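Colleague: Could you take me through the nonpolar core of this protein, piece by piece?

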Amino acid sequence: EGQEVTAMPTVDVVDLNNEKVGEVELADEVFGAEVNEALLYEAVNHYTAGLRAGTHKTKVRSEVAGSGKKLWKQKGTGRARVGSVRSPIWRHGGTVHGPQPRDYSYKLPRKMLLGALRSALSAKVRDGELKVVQAFGFADHKTKNAMGALAKLEAGRSVLVVDNGENRNLALGIRNLKGVTLVATKEVNVHLLLGHKSVLLSEAAARKFSEALAK
């Protein structure tokens, strides 16, 4: 009679010394979903398309520098008729159907974007590349100390750090570290998740994802 309730996956929570300090229950449909690679491709393609400047431009015959004089009279010379030195079939002439400025961005359904985000988070959990940190409570903003903390967490060289709210010491501490990116939960996208080898989520960020992305 009662509906069967799926048990939520439990993930270890570590401190900055990489020692287990607790556990957190996360939504199975967010961190334990089936990974849809086609959806991941669409989400990354959508993101990178939006980054394109689209400022490429070639000149058509009316825009190329050159005289407007008719080169020779229309009839009687025996030569082919011609009206412009900048005709596309002439050297230094205009370009026909060349690239023009355009916007490459396109809209992807919100459900697809959210589904891709679930797939990306689940893939990171599946591959053991996601870690939940209790809090990024750095005592100061020194890069050396931030680098030491990431080393203890065995984060590697390519790290995405996700935290909620304003954390000045964290932001200043890691901003000069190559390969390390800090974003808020609302700024996380599939391109960022897949573009970094390891992902460090604060416990607050993990809980927020678990609640916001649950179907």
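Modeller: Happy to; here is the core, with a little of its surroundings. This is a predicted model, in which local features need pLDDT of at least 70 and side-chain atom pairs count only at pLDDT 80 or more, while totals for chains, interfaces and linings use all residues. Residues are numbered from 1 along each chain as its sequence is written, and side-chain values use heavy atoms, leaving out hydrogens and water.

The protein has 7 helices and 6 strands, taken as DSSP runs numbered from the N terminus (helices: H or I, at least four residues; strands: E, at least two). Of its 215 residues, 37% are buried, that is, under 20% relative accessible area with a 1.4 Å probe, protein chains only.

A nonpolar core is a set of buried Ala, Val, Leu, Ile, Met, Phe, Trp, Tyr and Cys residues joined through side-chain atoms within 4.5 Å. The largest one here holds 28 residues, and those with the most contacts inside it are F31, L121, V162, L193, L201 and F209. At least two core residues come from each of α1 (28–31), α2 (37–51), α3 (110–126), β3 (130–133), β4 (159–162), α6 (190–195), β6 (198–202) and α7 (203–212). The largest share, 4 residues, is supplied by α3.

Now zoom in on L201. Neighbours within four places in sequence aside, L201 is in contact (heavy atoms within 4.5 Å) with F31, L130, K131, V132, V133, F136, V162, A206 and F209. Apart from the largest core lies another, of 17 residues, with V133, F138, A146 and V159 among them.

Conventions
Buried < 20%, exposed > 50% of the residue type's maximum accessible area, 1.4 Å probe, protein only.
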